[in-house]
Amino acid sequence: NPPGTDFNYTGDEPKLVFRDASVGDLYAVNDPPNGVVKDANGGDIDASQFSGGNPLEPSFGRINPTLGSGVTGDPHIHTLDGGHYTLLREGSFLLWRFGLP
């Protein structure tokens, strides 16, 4: 099977599809949206449950909204070669630390 996500029917033609900024899940917004965002299984999610922007509007050029309160803590990157990278906040600076779990 080719990689990708098969959306269940959302009840109408989506006017907008976006990927969650935090975990990468896909969501769709129908036209008209009726205040509802659809998940890939066709389930309804109230737009007020998203943070980081209005999920009913395009986010081109900005970070996409995320379901819930978003990412907490310091972001980590794990690479295929087993490397660990952590972005730490130090006052008004962002610092990359290498080799931290």
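Start by selecting threonine 66 in this predicted model. Threonine 66 touches Asp20, Ala21, Ser22, Gln49, Phe50 and Ser51, leaving aside residues up to four places away in sequence. Show those six names as sticks and keep them on screen for a moment.

Where does threonine 66 sit in the chain? Colour by secondary structure and you'll find threonine 66 in strand β6, which covers residues 66-67. Is threonine 66 buried or exposed? Its relative accessibility is 9%, so threonine 66 counts as buried; the cut-off for buried is under 20%.

Now zoom in on aspartate 20, one of the residues that threonine 66 touches. The side chains of threonine 66 and aspartate 20 are joined by a polar contact of 2.7 Å. Draw a distance line between those two side chains to see where the contact is.

**Next stop: the rings**

From the list of neighbours of threonine 66, pick Phe50. How many aromatic pairs does the structure hold? There are three. Add phenylalanine 18 to your selection: its ring and that of phenylalanine 50 have centres 5.9 Å apart and planes at 70°, so this pair is edge-to-face. Phenylalanine 18 belongs to strand β1 (residues 14-19) and phenylalanine 50 to strand β5 (residues 50-51), so the pair ties together parts that lie 32 residues apart in sequence. Both phenylalanine 18 and phenylalanine 50 are buried.

Now add tyrosine 27. Tyrosine 27 and phenylalanine 50 make an aromatic pair that is edge-to-face too, with 5.2 Å from centre to centre and 90° between the planes. Tyrosine 27 is in strand β2 (residues 26-30) and phenylalanine 50 is in strand β5, so this pair ties together parts 23 residues apart in sequence.

Try switching on a surface around these rings. Tyrosine 27 counts as buried because its relative accessibility is 4%. Phenylalanine 50 counts as buried as well, because its relative accessibility is 8%. Select Phe18, Tyr27 and Phe50 together and you have a cluster linked by ring pairs.

**Back along β1**

Which strand holds leucine 16? Leucine 16 lies in strand β1. With a relative accessible area of 15%, leucine 16 is buried. Show what surrounds it: leucine 16 touches Tyr27, Ala28, Val29, Pro55, Leu56, Glu57 and Pro58, again not counting residues up to four places away in sequence. Tyr27 from the ring cluster is on that list. Measure from C-alpha to C-alpha and you should get 8.3 Å between leucine 16 and tyrosine 27, which are eleven residues apart in sequence.

Valine 29 deserves a click as well. Valine 29, in β2, is the bridge partner of leucine 16. Hide the side chains for this part: strands of a sheet pair through backbone hydrogen bonds, either parallel or antiparallel. Here β1 and β2 pair in the antiparallel sense, over five bridges. Follow the backbone from β1 into β2 and you trace a hairpin with six residues between the two strands. Stop at glycine 24 in the turn, which has a positive phi of about 85°.

**The sheet**

Select β1, β2, β3 and β4 and look at the cartoon. These four strands form an open sheet in the order β1-β2-β3-β4, with antiparallel pairing. β1 and β4 (44-46) stand at the edges with a single partner strand each, so one side of each has no neighbour in the sheet. Turn the view to see the twist, which averages 35° from one strand to the next.

Which residue in β4 is the bridge partner of lysine 38? Pick aspartate 44. That bridge is part of the stretch where β3 and β4 pair in the antiparallel sense, over three bridges.

Between β2 and β3 (36-39) there is a loop, and proline 32 is in it. Proline 32 is partly exposed, because its relative accessible area is 49% and the exposed class begins over 50%. Add leucine 56: the C-alpha atoms of proline 32 and leucine 56 are 9.6 Å apart, although the two residues are separated by 24 residues along the chain.

**Zooming out**

Reset the view and show the whole chain. How many helices and how many strands does the chain have? Zero helices and nine strands. Finally, colour by accessibility: buried residues make up 25% of the 101 residues. The chain exposes about 7,200 Å², and carbon and sulfur atoms supply 53% of that area.

Notes:
Residues are numbered from 1 along each chain as its sequence is written. This is a predicted model: local features need pLDDT of at least 70, side-chain atom pairs count only at pLDDT 80 or more; totals for chains, interfaces and linings use all residues. Side-chain values use heavy atoms; hydrogens and water are left out. Buried means under 20% relative accessible area, exposed over 50%, partly exposed in between (1.4 Å probe, protein chains only). A polar contact is a pair of N or O atoms within 3.5 Å; within protein, one must be able to donate a hydrogen and the other to accept it, and residues adjacent in sequence count only if both atoms are side-chain atoms. Contact means heavy atoms within 4.5 Å. Rings of Phe, Tyr and Trp (its six-membered ring) pair if their centres lie within 6.5 Å; planes under 30 degrees apart count as stacked, over 60 as edge-to-face and the rest as tilted. Accessible areas come from the Shrake-Rupley method with a 1.4 Å probe; for residues, only the protein chains shown count as cover. Two strands pair if DSSP finds at least two bridges between them. Axes are lines fitted to C-alpha atoms, for helices over the stretch in contact, and angles run from 0 to 180 degrees between N-to-C directions.
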